[in-house]
Amino acid sequence: MNGLESRRWSTRTIIWIALAIAIVLYAFPFVYMLFTSFKIPIETNAIPPKILPSVWTIDNYVKALQTDGVVASFINSIDTAVISTLLSLVLAVPAAYAVTRYRTRLGRVFILLALVMRMVPAIVVGTPLITVFHNLGMSDTSVALAIAQTTISLPLSIWLMASFFESVPTELEEAARVDGCSRLSALWRVILPVTKGGIAVTAIFAFLASWNDFIFALLLTSVRAVTTPVMIANFQSQFGLDWGTMTALSVLYSIPVILLTLALQRHIVAGLTLGSVKG
Amino acid sequence: MKLRHLLRPGRRSATTASAVAIAAVAAIALSGCGAGGATSSGPKTLTVLVEAGGHAELQPIADLYKKDTGTTVRFVELPYNGLYNRVNSELSSGSISFAVAALDAIWLPAFKDGLTSMNSFFTEEVKSDNFPAILDEAKGGGSNYVGVPAFANSEIVYYRTDLFNDAKNKTAFQSEFGYPLAAPTTWQQYSDIAKFFTKGSLYGTGLPGAVETQYLSTLSQAGEKSMVLNPAGTASTLGDSYSVKALDYYTSLVKYAPPGTAAADWNAVQNQFYQGKTAMMQFWAHAYRQVPTSSPVYGKIGVAALPAGPAGIAGVPGPYYLSIPKAGKNPSTAMDFVKFAYDHQALSASTSLGLVARISVLKQFENKPGYAAFRPMIDTLSAPATITRPASPNWQNIVDNALVPMLQKAVVRGANNSRLLQAAAQQVNSIVAK
Amino acid sequence: MSDKRFAAWLLFPAALFLAVFVAWPLVRFITDSFFTYNPISDGPHKFVGFANYVETFTSPAFANSAWRTVAYTVIVVFFEFALGLIVALLFTSLGNASRVFRTVFLYPLMIAPIVAGLLWRFLLIDNSGIVNQLLYEAHLIPSPDAIGWLSDPNVALFAIALPDIWLTTSFITLVLFAGLQNIPADVLEAARIDGARYPTLLVRIVIPMLRPVIAVALIVRGVDAARAFDTIVVMTNGGPQNSTETLSLLVYNTQIANGDPGLASAMGTVYLVGMLLASVAAVMLIWRPGSEDR
């Protein structure tokens, strides 16, 4: 029992009900989106609107998946997210380790700069990147998009990994060094396996940052590397807002991350917890 | 014990590492070619940038082109603003992903420096088969033709034939206003009919506050000869008597329109009509063939030319052109496709949008069933008072930052129209001064 | 190799990455602000010194956008924290029994902002939005058209804050909940014995002890809210009457829609500097507590 827990049965019941209502209200928008994805077009725009469809149809899902480029965009989203996550981890893990274990001035400056980078609005970095990638011959590729997305997720990844490294006692490395390991293999063989959970958390957040990105995809892709968020936004046409198809595609796009959350919820909570412990 | 256990190089870490490496290689390999459908390399695929309307129009032409030449036309469809931003962004960076784009007439002035000249295409024969206004806009205000007309469009009046033909309505209208109920031909009639039908849960007319072309048609109907900008393009004509008269008439219709006018865009106006909430609307001609069969008003729609103001009937031409970027890929295939599209424009007439630009094709279809919208469109486009929008490279900027905000303010109760127009004029002046 | 060298080598990949893909574009962006040119005709870049900055500071569009961005940030952060704290306290009052609720609360974090923006646009849109319909049926508003969420310039700024609040309140809730777990029970017990009731406990003990957690979350969320783009562009695209045009949208439109990269760069630079100063100020004010008291 924590210090603020209420012990009275009556209070607990009231709170339980209040929370249940709050959850229902909070979930309503998503549930409504789900219902709308099963409505026929004239009903999605009904004046006045109703919550439930009177005619249920899966046409919207079929149409969404059959639209040219949608399935390809899903594959692009997955590709880009995987590359971005790997990139983020590969860069963040050594950097975070250096910052926590070797408290050099360079490390402190680096952390400060990384935090500053996080403040840069996407458009500021995105527009010059169009030209940079054009000059590198990488326009409209998933790798280019992944790189851009990593610039956003990298500061957070470094920060998270630093928190996790801090909770690992230095005795482990010392023991490894005593046993003859070099610094690098101490990191690789001893520390990383211990922080597997932390790496999982960092990976999840980096994956999400890429999966949910819109503005970089908008700026940096056109035909080959287009990701699904852009396709969803593109369903708005001047002459007919196709809410049914848009909601269907949005639901489909949210399913993978919901499944991911289900599988890894313990790790995600751990990541958030660390955010509070690190003062 | 624990430390020794930790120090043993577990097999797990090795397999994890290799799994990660394999995933990385696979991901990079997959991404290098980008899993997106057909790539635009080689002459076998042509990428055409369109918005929804253009896509519908050009699909049958693309299908026939593939049969004839074997080249696949790949459409990249974007929302209206998205298309403008994409073309702008790509022409600016020089990194062009498309071979052809279907562009709105008002964008040509902004993009003309990045588009290929097509002067050789415009022979006397071609010129005589297109409306002068449409030929004019194909130059984008410059000296070269930078686009080939793909389809013309203009607003027309849509009205509910069931409501207009109802005997009770006819008698009531006749007794209230003194003339028979029929499709409106003047401002006064449009206003009267809108007033008559605004009762209960029905409204007389739709009215957009978030898009500008209906106001611009009203402006032309009032007699304006230089829409928004003077002929030199250096100063705004907003605030003159025509603009005030037009805005006064426009805002007088707000009380006959559903609430939320300030945010009503094309989707809203169209949806309100399809849901049966309004008795009339002014909307683009292509919608006539797109009424959903599940709509309660399906089969009960009539069309007419826009009402005449003091200067007569007038509408804003909304043509689209096929253009080729200078730095684009496959320029010769692109030109070939554009020519093909022009020659087979009749195919576009049977699409869901059903619009064309060539006069000969319009005449071919105007009396066929299902093409009732062509006649009013031709009448509107060929009316003497019809003028084109100014060929200013800053037009989109003017619309977004001066015209539309002004309209949104004007449709609110208690707005001072002439003051709003003058403020908008000043804003336009500062935009074009740069 | 000395420890210092080793650390430097470990930092090297990340530092190189940030230098090439963030610092360099940033430098280009800022230098662009001293020129003016037409990107399409690829005309010459004309050096104009500080002219773009003068225009930025004297343009009402920029001043209004800056003001709106601040207002938006304040609204979003305030509601996130207020609601987040309330729910976190409710969770804490139930202790472990709140587990199922906490799990449900994870999911909003996962939804893409673009999806949330579209969804809320659909919910609030005039005439066919379900929110007004439900409020009307619950007799909370006189007619379904009483509130023009996306059409009334006085309300629109609040309306675009809704998806942002909806998405991140759960994040704040979970972070605060974790922080609340760390408050030693004996301190609270002692205060209770001394006769302190719940409100007093809250204000004199809980919130001060949460201060470091709140500080970090506040700054991070504040920066994120100031940079918000996806939800706003898809809900209102800056309208009606530019009442929801925040700085990110203004810079984007000036760059991409108006084709004025020099001015856009100047605005973006001022925007960035503004955020830096605000963050530094926030860190100074919140992170350096006056006295770590209870």
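**A chat about chains A, B and C**

Modeller: Let's start with chain B, which has 19 helices and nine strands. Keep in mind that this is a predicted model.

Biologist: Fine. What box do the C-alpha atoms of chain B fill?

Modeller: Roughly 100 × 65 × 50 Å, taken along the principal axes.

Biologist: And how much of chain B is buried?

Modeller: Of its 434 residues, 58% are buried.

Biologist: What about the contacts in chain B, for residues at least 6 apart in sequence?

Modeller: Among those, 76% join residues at least 24 apart.

Biologist: How much area does chain B expose, and what share comes from carbon and sulfur?

Modeller: About 16700 Å² is exposed. Carbon and sulfur atoms supply 56% of that.

Biologist: Charges in chain B: how many of each sign, and how far apart are their mean positions?

Modeller: Chain B has 36 positive and 28 negative charges. Their mean positions are 12 Å apart.

Biologist: Now chain C. How many helices and strands there?

Modeller: Twelve helices and two strands. From the N terminus, chain C begins with a helix, then come two strands, and helices make up the rest of the run.

Biologist: Same figures as before, please. Box, burial, contacts?

Modeller: The C-alpha atoms of chain C fill a box of roughly 75 × 75 × 30 Å along the principal axes. Chain C has 294 residues, and 58% of them count as buried. For contacts with a separation of 6 or more, residues 24 or more positions apart account for 67%.

Biologist: And the surface and charges of chain C?

Modeller: Chain C exposes about 12300 Å², with 66% of it from carbon and sulfur atoms. There are 16 positive and 19 negative side chains, and the centres of the two sets lie 10 Å apart.

Biologist: Which residues of α11(C) are buried?

Modeller: Helix α11 of chain C spans residues 247-257, and eleven of its eleven residues are buried. Among them are L247(C), Y252(C), N253(C) and Q255(C). Just after α11(C) comes G259(C), with a positive phi of about 60 degrees.

Biologist: Which residue other than glycine has phi near 55 degrees?

Modeller: Q241(C). Q241(C) sits in the loop between α10 and α11 of chain C.

Biologist: Is Q241(C) buried or exposed?

Modeller: Q241(C) counts as buried because its relative accessible area is 16%, and the cut-off is under 20%.

Biologist: What about H139(C), where does that lie?

Modeller: In the loop between α6 (130-137) and α7 of chain C. H139(C) is not a glycine, yet its phi is positive, about 60 degrees. H139(C) has 73% relative accessibility, so it counts as exposed, the cut-off being over 50%.

Biologist: Switching to chain A. Which peptide bond is cis?

Modeller: The one from I47(A) to P48(A), with omega near -5 degrees. P48(A) lies in the loop between α2 (41-44) and α3 (59-66) of chain A.

Biologist: Last topic, cavities. How many of 30 Å³ or more turn up?

Modeller: Eight, in a search of the whole structure. The largest has a volume of about 1300 Å³.

Biologist: Which residues lie nearest the centre of the largest cavity?

Modeller: R118(A), P113(C), R221(C), D224(C) and R227(C), out of 43 lining residues. Elements giving two or more residues to that lining include α6 (122-135) and α13 (243-277) of chain A, and α9 (198-226) of chain C.

Biologist: Which element gives the largest share of the lining?

Modeller: That is α7(A), with seven residues.

Terms used: Residues numbered from 1 in each chain as written. Chains lettered and ligands numbered in written order. Predicted model: local features only at pLDDT ≥ 70, side-chain atom pairs only at ≥ 80, totals over all residues. Heavy atoms only, no water. Helix = DSSP H or I, 4+ residues; strand = E, 2+ residues; numbered from the N terminus. Buried < 20%, exposed > 50% of the residue type's maximum accessible area, 1.4 Å probe, protein only. Contact = heavy atoms within 4.5 Å. Areas by Shrake-Rupley, 256 points an atom, 1.4 Å probe, with all protein chains shown as cover. Lys, Arg positive; Asp, Glu negative; His and termini not counted. Charge placed at Lys NZ, Arg CZ, Asp CG, Glu CD. 1 Å grid on protein atoms, 1.4 Å probe; cavity = no way out; pocket = protein on both sides within 12 Å on 5 of 7 lines; lining within 4 Å. Points joined across faces, edges and corners; volume = space filled by probe spheres on them.
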